[in-house]
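This report describes two aspects of one protein model, its sheet with the helices around it and its pockets. The sequence and the structure come first, and the description follows.

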Amino acid sequence: MKELGINVLFNTLGAFLAAFALECFLVPNQIIDGGIVGISIMASYLTKINLGIFLVALNIPFVLLALNEFGKKFIFLALYSVGMLALFVNFVSNNIPLITHDLLLASIFGGGILGIGVGIVLKNNACMDGTEILAMKVSKKFPFSVGEIIMFINVFIFISAGFLYGWEQAMYSTLTYLVAYRAIDTIVQGLSEEKTVRIISSKGHELGQAIIEQLNKTVTYIEAQGGYSKAPKTMVYCIVPRIELYKLKELVVSLDKDAFLSIENVHEVYGKRYKK
């Protein structure tokens, strides 16, 4: 129940940020997002029916499709998030004025804030747009990936926006979608400054012990074999903050100049020992 309460709290925040972006940056400037949200915006524009009604009506069928794959908790949180988005859209439109008429600023800041809101909801076991759920279902019956199906849907949506609002608005809408996409990735994957390092060396255990003693980092040993030399080697796996990466490199070179290092970004790190 505590975890569910936290999810509800953050999903409320995410829904508000998304509604704020829509009503204070995008919708008044005739800029849309992709997916069900974009379709809802255009449907509301054409019919003059409240945007919140379309957000709920169009999302519910697709959210319910995910019952078997994601379970009742996801369905509850998704329906709650969609409902809160619809409520906040009406609240913001009636109480908070348009922030800017500049289309470029609206696209960048609106897309960024929208992406942050959607990312918060996704990170807390829910969604506010049923497009991905639909794409998952379709991909099981046709030889296309989820990403390809979403791209096809959004291309159709933005072309429709071009006919409805004009091609300049459609291009700004595409920019908004790209900014939101990057913001979602940043929120879901995190702003981690950690690096994962793999060190392959014939002196693996010696290197690992030095890392433990001098850098106070935990390591994992993975026994390996050289593909060309067939010689036994040890892979040392560890995670270090970016600021300490240079220390690790110097340490490895000082002990084994022939060591092979592979360094990659880490999005999130869990584990009691590492946090210490």
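For sorting the residues that line a pocket, Ala, Val, Leu, Ile, Met, Phe, Trp, Tyr, Cys and Pro count as nonpolar, Asp, Glu, Lys and Arg as charged, and the others, Gly among them, as polar. The model is a predicted one, and the values below are computed from it.

**The pockets**

With these classes in hand, the lining of the largest pocket divides into 19 nonpolar, 7 polar and 4 charged residues. The space in this largest pocket comes to about 650 Å³, and of the 30 residues that line it, Val118, Leu122, Asp129, Glu132 and Ile184 are the closest to its centre. Two or more lining residues come from each of helix H1 (2-26), helix H2 (35-47), helix H4 (67-95), helix H5 (103-123), helix H6 (131-139), helix H7 (146-165) and helix H8 (167-189). Among these contributors, H8 gives the largest share of the lining, 5 residues.

The second largest pocket holds about 220 Å³ of space. It is lined by 14 residues, of which Val27, Ile41, Ser44, Tyr45 and Leu51 are the closest to its centre, and H2 and H4 each supply at least two residues of this lining. Since H2 and H4 are also listed for the largest pocket, a reader following either helix in the display will meet the linings of both pockets. The table sets out the classes for each lining.

| Pocket | Nonpolar | Polar | Charged |
|---|---|---|---|
| Largest pocket | 19 residues | 7 residues | 4 residues |
| Second largest pocket | 7 residues | 5 residues | 2 residues |

**The sheet and its helices**

In what order do the strands of the open sheet lie? The sheet has 4 strands in the order S2-S3-S1-S4, and their pairing is antiparallel. Strand S2 (220-225) and strand S4 (260-265) form the edges, each pairing on one side only, and from one strand to the next the twist averages 25 degrees.

Strand S1 (residues 194-201) runs antiparallel to S4 and is joined to it by 6 bridges; Val197, for its part, has Ile263 in S4 as its bridge partner. Two helices are placed against these strands. Helix H9 (residues 204-215) packs on the sheet, where it touches S1, S2 and strand S3 (232-241), and its direction makes about 20 degrees with that of S3. Helix H10 (residues 245-255), in turn, lies across S1, S3 and S4 and runs at about 5 degrees to S1.

Notes: Residues are numbered from 1 along each chain as its sequence is written. This is a predicted model: local features need pLDDT of at least 70, side-chain atom pairs count only at pLDDT 80 or more; totals for chains, interfaces and linings use all residues. Side-chain values use heavy atoms; hydrogens and water are left out. Two strands pair if DSSP finds at least two bridges between them. Axes are lines fitted to C-alpha atoms, for helices over the stretch in contact, and angles run from 0 to 180 degrees between N-to-C directions. Contact means heavy atoms within 4.5 Å. On a 1 Å grid over the protein atoms alone, a cavity is a set of points where a 1.4 Å probe fits but cannot get out, and a pocket is an open set with protein on both sides within 12 Å along at least five of seven lines; lining residues have an atom within 4 Å of a point. Grid points are joined across faces, edges and corners, and a volume is the space filled by probe spheres set on the points.
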